[in-house]
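Visitor: I am new to this structure and would be grateful for a close look at one part of it. Please take the salt bridges as the subject.

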Amino acid sequence: MVKTADLCDEHADELTLVRLELKSYGGKKQFDGPISTVKVFEDNVLVKRALQTIPEGHVLVVDGGGSRKCALVGDLLGAIAEERKLAGIIVNGCVRDTAELGAQNIGVLALGSNPFKSIKKGEGETNIPVTFGDAQFVPGQYVYADEDGVVLSVEKID
C-alpha cells in the first residue's frame, strides 16, 4: 500500500484531493483500488447490489447526497464486501453498526454514523461519475485512501 502523502509528493500534478472530511469506520485504515460507483438518496438497495457484483479489489464509492438521516452501509453490507475481497467503501453519507465494521477487514469511510436504516425502493444510478468533496469519482479510475486523506488518479500508480 502506497501512502497518500508519498503519492502527493511524487505525483501531485496527476492527483485530485477529495476535499471532504471522512471518518474511518472499517478495520482497514489504508486501501486503494479501481472505482465503482452508485448514486442513491437514503436508499441502499443499489449499494447492496453493487457490493454483490463489482469486481474483487474495487472500491465502491457511494454518493448518498451527503444525507445524515439514515445509514447506507452497515455490518451486513460490510460482510458482503469483506467476503468478496473488495478494497473498501467510501460513503458520502452515513454508516451504522460501527463496532462490527471496525472488526471487518475492509476500508470504510463515511461522513458519520446513524443507527437508522435506509428505505428500500431500489432508486438511484450505478456506474456513473459522481461528484462530492470537490472531486469527481469516475468508474475505472483509481482511489487511494489512508489516515491522511483520499486522492484520485486517472490511472493506477505503483
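Visitor: To begin with one partner, does Asp-63 count as buried or exposed, and at what relative accessibility?

Guide: Asp-63 counts as buried, with a relative accessibility of 3%. The model under discussion is predicted. The cut-off for a buried residue is under 20% relative accessible area, and the value for Asp-63 is therefore classed as buried.

Asp-63 takes part in a salt bridge with Lys-39, in which the closest N and O atoms are 3.5 Å apart. Because Lys-39 belongs to strand β3 (residues 31-39) and Asp-63 to strand β4 (residues 59-63), this pair ties together parts that are 24 residues apart in sequence. Whereas Asp-63 is buried, Lys-39 is partly exposed, its relative accessible area being 37%.

A search of the whole structure finds two salt bridges. Besides the pair just described, Arg-96 forms a salt bridge with Asp-97, and here the closest N and O atoms are 3.9 Å apart. Arg-96 counts as partly exposed at 28% relative accessibility; Asp-97 is likewise partly exposed, with a relative accessible area of 26%.

Asp-97 merits some further attention. This residue is placed in the loop between β6 (88-95) and α4 (98-103). When neighbours within four places in sequence are left aside, Asp-97 is in contact with Gly-74 and Asp-75. An unreviewed UniProt entry also places the feature "binding site" at Asp-97.

Technical notes: Residues are numbered from 1 along each chain as its sequence is written. This is a predicted model: local features need pLDDT of at least 70, side-chain atom pairs count only at pLDDT 80 or more; totals for chains, interfaces and linings use all residues. Side-chain values use heavy atoms; hydrogens and water are left out. A salt bridge is a side-chain nitrogen of Lys or Arg within 4 Å of a carboxyl oxygen of Asp or Glu. Helices (H or I, at least four residues) and strands (E, at least two) are DSSP runs, numbered from the N terminus. Buried means under 20% relative accessible area, exposed over 50%, partly exposed in between (1.4 Å probe, protein chains only). UniProt positions are given in the numbering used here, feature names are shortened, and annotations may be inferred rather than shown by experiment. Contact means heavy atoms within 4.5 Å.
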